[in-house]
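Please look through the sequence and the model shown here before reading on. The paragraphs after it are meant to be read with both in view.

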Amino acid sequence: MSSEEVLADFRASSQFDIFRTMDQAALDALPVATALCAADGAVLRFNTKAADIWGRAPLLHAAPPVAFALRTGELTCRQVVIERPDGSCVTVVANIQPLKNDAGRVLGALSCFYEAADGKIPEADRGEQAHCGVAEQTANRLAAIVESSDDAIISKDINGIVASWNAGAERLFGYTPEEMIGKPITLLIPEDFENEEPQILARIRRGERVEHFETVRRRKDGSLVDLSLSISPVRDGNGNIIGASKIARDIGDRKRSEAVLTKHAEEQAALYEFTAAIHRAKSLPEIYGAGIEAIMRALNCDRASILLLDESQVMRFVAWHRLSDNYRKAVEGHSPWPPGDKDPQPIVLGDVSASDMPAPLNAIIRYEGVAALSFIPLVSNGRLIGKFMTYYDRPHDFTASENSLALTIARQFASGLERQRSEQELREKEERLRLATRAGKIGVWDWDVSKNRLNWTESLFAMHGIEPEDFTGTFEGFYELIHPQDRVHVQRTLEASLKTGAPLELESRIVKPNGEIAWLYTNASAVRGERGAARLLGATLDITERKKAEAERDLLVAELSHRVKNTLATVISIAQQSFSRGPSIEEARHSFSGRIRALAQTHSRLAEGNWAGVSFEAMLKDELAPYAREDGGNIRLSGPAVSVNVKCAVVLGMAVHELVTNAAKYGALSDKTGIVSVDWRLAPGKELQISWAER
């Protein structure tokens, strides 16, 4: 039989499986120097202790005890002198255990050796028996390690063909040794990992050890298992790489635990970030966005939506992810709980196709591509306010922990939503109050008497003409703003209200920093404590315009009374002038009427100007208008714009009337070709000089 055939027979033997599949680290851990050789004495495997003793790779074929054991097939214990590469020699005790195939033929040997103490060997009568037992014990120990290992220990040749298969491999993968030995290791590799084996074999051929790495393999039943693999090259006695030993450890439990921990950490992170986002949110859309993100992240769903009850108690979409317009329009308004439900519970459909929901709704959901979904109620203050929904593109197993997490998100979301709604409503009320107080010049204030602290609305600062940072917020600071003549009155009124608890009504003046004086009306109520009034709550109204209007009204009434008296006196004077010269009654009546009309006309012009004065030119035009030709050529007016005050206007109006009347009767206006020219100017000292000329 050729050496190649012997080696092949040796490799196929059950005894050799024990050693060729052993990881090098396990071989190095043995307490004695160990080497495995073929029938011709060529070393196939050895540990670091053997290399240390030999100073190189062991050369067992040169040792007579090995040759004896291989030739006779008997256990041998002999002294051997080893010459090292550096020329030194060492005496060792060698224990050689022949290894046989199943037919009993010697295929190799396992040698265990150690240095003899002081170059001496033990007594022959007991030493040989003892030392020969070391090899057998070592072989048994190695076999026990491999067979009892919980890990799968597999060997394969350089082409990836399985050469050995221990009990751990059978337990892990489900294949028996008979089913796997001689078969390619790729039977265990899933399609997605097929590129791993060529890379592993390439590294083994280069003599590289593949340290622990995580991967996936397929069992006999088709299921996948997570593994940690470590692979070491196997060499023959000449150092040639002839295969690889592989240790596979099932890390499925660890992976599942890690996945659970990772999922839990992700859920907690999602909840934490969701809570933080709710507190940072400044608007409802920000709350909705944070809610969708938390639902998608924590519950690992494919789609999500949030619906809230509107004022009509109809469910309306407010936020969604990956839902079509048609779907939303079709299902909007649907709620699995009645509006008055006091304790709505989550509803989950792990498989929509198998659910008993109404057929039309089922068809809409399935058309959207949704295979599983859940309805999670949103409850606030014991009432249903909406729901959020999770959608899955495949049937989904809703676990109890997942449902609990969904309810936690729902509680957080409902709480944040109600808080945001309350804050928004408060902001809107404050804004309405601010606009109302600013538009109506109304300020609201609160005086904490015991702490002497005044709180003002923004409009009060504007009323007083100061900035908030310029106000001390104390009664003394307010007291300084009161008009000096009103301070005593204000202080007495406040003290009386605090003492009796009676409502306070007060009108007083303030002096603004720019010196402007304003009138304020204040109405307040006292809030009483155990020791009397504890604070005053009030509103202040700027009544400056009203006060000015009242002053103007009083002035106008006085002025009107004076003007009426003057007008009556003028009427009496006109009557005397009209009826005292002995004209006929008809002429007197005509003269009186004309003068009264002129007076009325002047009064009308004064009324148009709010009795502030009247234009002299307008006065002339009013009187001359009845006598002016269409082309206006018989009347010529020239002068600057002059406003005549009330007193002068009445007198001057009457004078102009008399001049026009005389011109119409006897002068230029009595003839079609006549011309009246009026020129005026303002002389120094604001004297009005008038020139009346007729031609």
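What follows goes from the whole chain to a few selected places.

This is a predicted model, in which local features need pLDDT of at least 70 and side-chain atom pairs count only at pLDDT 80 or more, while totals for chains, interfaces and linings use all residues. Residues are numbered from 1 along each chain as its sequence is written, and side-chain values use heavy atoms, with hydrogens and water left out.

The protein chain holds 21 helices and 25 strands; helices (H or I, at least four residues) and strands (E, at least two) are DSSP runs, numbered from the N terminus. Of the 695 residues in the protein chain, 42% are buried, where buried means under 20% relative accessible area, exposed over 50%, and partly exposed in between (1.4 Å probe, protein chains only). The accessible surface of the protein chain comes to about 37700 Å², and 53% of this belongs to carbon and sulfur atoms; such areas come from the Shrake-Rupley method with a 1.4 Å probe, and for residues only the protein chains shown count as cover. Among the contacts in the protein chain with a separation of 6 or more, 51% are made by residues 24 or more positions apart, a contact being heavy atoms within 4.5 Å.

One residue to look at is F317, which has its place in strand 12 (residues 315–321). Is F317 buried or exposed? With a relative accessible area of 11%, F317 is buried. Leaving aside neighbours within four places in sequence, the contacts of F317 include S305, I306, L307, Y327 and Y391. E332 is also in contact with F317, and these two residues, 15 apart in sequence, are 6.8 Å apart in space from C-alpha to C-alpha.

N300 lies in the loop between helix 11 (284–299) and strand 11 (303–309). Although N300 is not a glycine, it has a positive phi of about 55°, and its relative accessible area of 60% makes it exposed.

Further along the chain, helix 20 (residues 616–624) packs with helix 21 (residues 646–665) at an angle of about 35°, their axes being 10 Å apart. Axes here are lines fitted to C-alpha atoms, for helices over the stretch in contact, and angles run from 0 to 180 degrees between N-to-C directions. F616, M619, L620, E623 and L624 in helix 20 meet residues of helix 21 that include A649, L652, G653 and V656.

The last region to follow is an open sheet of three strands in the order 22-24-25, with mixed pairing. Strand 22 and strand 25 stand at the edges, each with a single partner strand, so one side of each is left without a neighbour in the sheet. Two strands pair if DSSP finds at least two bridges between them. Strand 22 (residues 635–638) pairs with strand 24 (residues 676–683) in the parallel sense over four bridges, and R636 has S677 in strand 24 as its bridge partner. Strand 24 pairs with strand 25 (residues 687–694) in the antiparallel sense over eight bridges, with A683 bridged to E687 in strand 25.

Three residues lie between the strands in the hairpin of strand 24 and strand 25, where G685 takes a positive phi near 85°. K686, placed in the loop between these strands, has a positive phi of about 60° although it is not a glycine, and K686 is exposed, with a relative accessible area of 75%.
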